[in-house]
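Here are my notes for you to read alongside the structure. Keep the view open and look up each residue as it comes up.

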Amino acid sequence: MYFVDRTAVVLKPTEKFLSWLKSSDQDMPDLTLAQIRTNCSVYLVPQFDEPEAVVSYFDERYQEIFEAEISGWDIEKSKWPQDMSLQAFWEFFEVEIHDMVLDMDDSHISVSPVFDNMM
């Protein structure tokens, strides 16, 4: 087992995100908030001493995170939220911060760009 020098941030959609999701796709199954919160994105960010610093880090990068989260649902860009401001981001998502990240495997971790794999 190995310590990883990162903080894990679980990005959880809110009821407002679910409302937008349901309104953007008429063929969307009847999802509940509990269902879409069971398999959330986890972001590894630098280690910070205070949770507020993690939130500030997300504030600085909210646009790319917002776009990655929305594009993961395969919704036409024309149906994306009109307001994708920082305030809208925090209305659509909340964070759960974990400062201890452990890796159970000593094999190499593979990384690849998100948008190359989604678009």
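1. Start with helix α3, which supplies seven residues to the lining of the largest pocket, the largest share. Please keep in mind throughout that this is a predicted model. Other elements take part too: β2 (7-13), β3 (41-45), β5 (101-103) and α5 (114-118), like α3, each supply at least two residues of that lining.

2. The largest pocket has a volume of about 820 Å³. It is lined by 32 residues, and those closest to its centre are Ser-41, Tyr-43, Leu-44, Glu-69 and Val-114. What kinds of residue make up the lining? There are 22 nonpolar residues, four polar and six charged. If you wonder how a pocket is found at all, rolling a probe the size of a water molecule over the atoms shows where empty space is left.

3. Now step back to the whole fold. The protein has five helices and five strands, and from the N terminus on they follow the order β-β-α-α-β-α-α-β-β-α. The C-alpha trace spans about 45 × 30 × 25 Å along its principal axes. Of the 119 residues, 32% count as buried.

4. Next comes the interior. In soluble globular proteins, nonpolar side chains tend to be buried together. Here the largest nonpolar core has 25 residues, and Phe-17, Tyr-43, Phe-58, Phe-66 and Phe-89 touch the most other members. The elements that give two or more residues to this core are β2, α1, β3, α3 and α4. Helix α3 again gives the largest share, with seven residues.

5. Do have a look at the aromatic rings, as the structure holds 14 aromatic pairs. One pair joins Trp-20 and Phe-92: the ring centres are 6.3 Å apart and the planes meet at 45°, so this pair is tilted, since the angle is neither under 30 degrees nor over 60. Trp-20 is in helix α1 (residues 15-24) and Phe-92 in helix α4 (residues 86-92), so the pair links parts of the chain that are 72 residues apart. Are these two residues buried or exposed? Trp-20 has 9% relative accessibility and counts as buried, and Phe-92, at 4%, counts as buried as well.

6. A second pair is worth setting beside that one. Phe-66 and Phe-89 are edge-to-face, with 5.6 Å from centre to centre and 70° between the planes. This pair also links distant parts of the chain, with Phe-66 in helix α3 (residues 51-71) and Phe-89 in helix α4, 23 residues apart. Phe-66 is buried, at a relative accessible area of 0%, and Phe-89 is buried with a value of 0% too.

7. Both pairs belong to a wider group. Phe-17, Trp-20, Tyr-62, Phe-66, Trp-73, Phe-89, Trp-90, Phe-92 and Phe-93 form one aromatic cluster. Elsewhere, a ring meets a charge: the charged end of Arg-61 sits over the ring of Tyr-57, 3.7 Å from the ring centre.

8. Finally, try finding Val-95 in strand β4 (residues 93-98). Why does Val-95 count as partly exposed? Its relative accessible area is 26%, and buried would need a value under 20%, exposed one over 50%. Val-95 and Val-55 are 40 residues apart in sequence, yet their C-alpha atoms are 8.2 Å apart in space.

Note on methods:
Residues numbered from 1 in each chain as written. Predicted model: local features only at pLDDT ≥ 70, side-chain atom pairs only at ≥ 80, totals over all residues. Heavy atoms only, no water. Phe/Tyr/Trp six-rings, centres within 6.5 Å; stacked < 30°, edge-to-face > 60°. Helix = DSSP H or I, 4+ residues; strand = E, 2+ residues; numbered from the N terminus. Buried < 20%, exposed > 50% of the residue type's maximum accessible area, 1.4 Å probe, protein only. Lys NZ or Arg CZ within 6 Å of the ring centre and 35° of its normal. 1 Å grid on protein atoms, 1.4 Å probe; cavity = no way out; pocket = protein on both sides within 12 Å on 5 of 7 lines; lining within 4 Å. Points joined across faces, edges and corners; volume = space filled by probe spheres on them. Nonpolar A, V, L, I, M, F, W, Y, C, P; charged D, E, K, R; others polar. Core = buried A, V, L, I, M, F, W, Y, C linked by side-chain atoms within 4.5 Å.
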